[in-house]
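Here is a short tour of one protein model. Take a look at it first, and then we'll walk through a few of its residues together.

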Amino acid sequence: MSQEIVTRRITAPEIFGRKGGEPIVALTAYHANTARIVDNHADILLVGDSLGMVLYAMDSTLGVPLDLMIAHGRAVVRGSKRGLVVVDMPFGSYEESPAVAFRNAARIMAETGCGAVKLEGGVRMADTIRFLTERGIPVMAHVGLTPQSINTLGGFKTQGRDTALWPLIKADAQAVASAGAFAVVLEGIVEPLAAEISRESSIPTIGIGGSRECDGQILVLEDMLGYNPKPPRFVKVYGEVGNAIDAAVRSYADDVRSRTFPGDENVYPLK
Ligand code: KIV
């Protein structure tokens with residue numbers, strides 16, 4: 001008798017429970033095929049709004065529409081079985097008020113089937129995070145270098161170089177934990193500050209260009225695969241996917257030009 005193996009998805013409370021425990025492996029995924037592969041190894045699959053820059057060649061994440069996040073979120077949920085799928089709330093979909101944030105987060109949850117949403121901001125977003133979590137929407141927070149605020153931050157700049165600003169960044173991390181976020185992304189924060197926040201925070205910290213003392217790490221998949229010609233400096237490149245695609249496409253082009261590709265007779269043999 002065959003036995004069905006039922007795979008259960010990792011939940012937001014399970015990620016919360018990993019504080020100080022086994023490090024959390026997180027990666028971005030934007031579509032079903034990569035989700036299927038990432039899901040074999042990662043605890044969290046983030047459908048990041050970085051897809052605007054990575055897939056659509058936008059200059060920033062500011063122009064990413066909610067419907068696009070929902071379409072990619074649905075694909076990643078369909079392509080995965082085990083990891084917690086977290087979908088980014090795009091710029092303009094949550095800042096106005098907790099009620100607007102709830103309406104859009106509820107759409108994301110209902111239309112994608114994801115397990116949580118992520119939004120950017122610390123102290124200023126705490127009321128919204130509380131509003132969502134009290135109404136059944138798990139929230140992953142994101143503080144430090146928040147790309148949706150590049151115009152007020154003055155660019156993609158590492159946060160905390162000036163130690164006088166450490167209390168503000170710490171207050172952001174503290175506020176999202178108190179508001180009920182199940183984890184917090186620490187992006188672009190100087191190493192000693194990210195380490196200090198990780199030691200002090202009651203929720204898991206997930207670093208990106210952060211510290212090994214974080215409870216986990218997230219990277220943009222295309223950056224670590226060697227698929228981005230100019231990855232950020234802090235990224236360790238684990239694959240040469242860009243070169244592999246280039247070599248495969250070159251072989252294909254050579255086959256076509258020399259008429260050596262498999263002919264139709266192999267694919268559709270005559271009876
Ligand atoms: O949009 C994204 O991919 C992100 C990660 C880089 C954390 O927010």
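## A look at the binding-site residues

Let's begin with D49, which sits in the loop between β2 (44-47) and α3 (51-54). Helices (H or I, at least four residues) and strands (E, at least two) are DSSP runs, numbered from the N terminus. Keep in mind that this is a predicted model: local features need pLDDT of at least 70, side-chain atom pairs count only at pLDDT 80 or more, and totals for chains, interfaces and linings use all residues. Residues are numbered from 1 along each chain as its sequence is written, and side-chain values use heavy atoms, with hydrogens and water left out.

Why start with D49? UniProt, in an unreviewed entry, places the feature "binding site" at D49, D88 and E120. They are spread over 72 residues of sequence, yet they cluster in space, with a largest C-alpha distance of 10.9 Å. D49, D88 and E120 also belong to the lining of the largest pocket. UniProt positions follow the numbering used here, feature names are shortened, and annotations may be inferred rather than shown by experiment. As for a pocket, picture a 1 Å grid over the protein atoms alone: a pocket is an open set of points where a 1.4 Å probe fits, with protein on both sides within 12 Å along at least five of seven lines, and lining residues have an atom within 4 Å of a point.

Here are two of these residues side by side. Buried means under 20% relative accessible area (1.4 Å probe, protein chains only).

| Residue | Relative accessible area | State |
|---|---|---|
| D49 | 4% | buried |
| D88 | 3% | buried |

D88 lies in strand β3 (residues 84-88). Its side chain reaches the backbone nitrogen of D49 at 2.8 Å. This counts as a polar contact if it is a pair of N or O atoms within 3.5 Å, where one must be able to donate a hydrogen and the other to accept it; residues adjacent in sequence count only if both atoms are side-chain atoms.

What does D49 touch, not counting residues up to four places away in sequence? The list is T61, V64, M69, D88, P90, E120 and Q148. With that same exclusion, D88 touches residues including L46, D49, M69 and K118. Contact here means heavy atoms within 4.5 Å.

Now zoom out. The protein has 12 helices and 8 strands. Its C-alpha trace spans about 75 × 50 × 35 Å along the principal axes. Of the 271 residues, 48% count as buried.

Methods. Buried means under 20% relative accessible area, exposed over 50%, partly exposed in between (1.4 Å probe, protein chains only).
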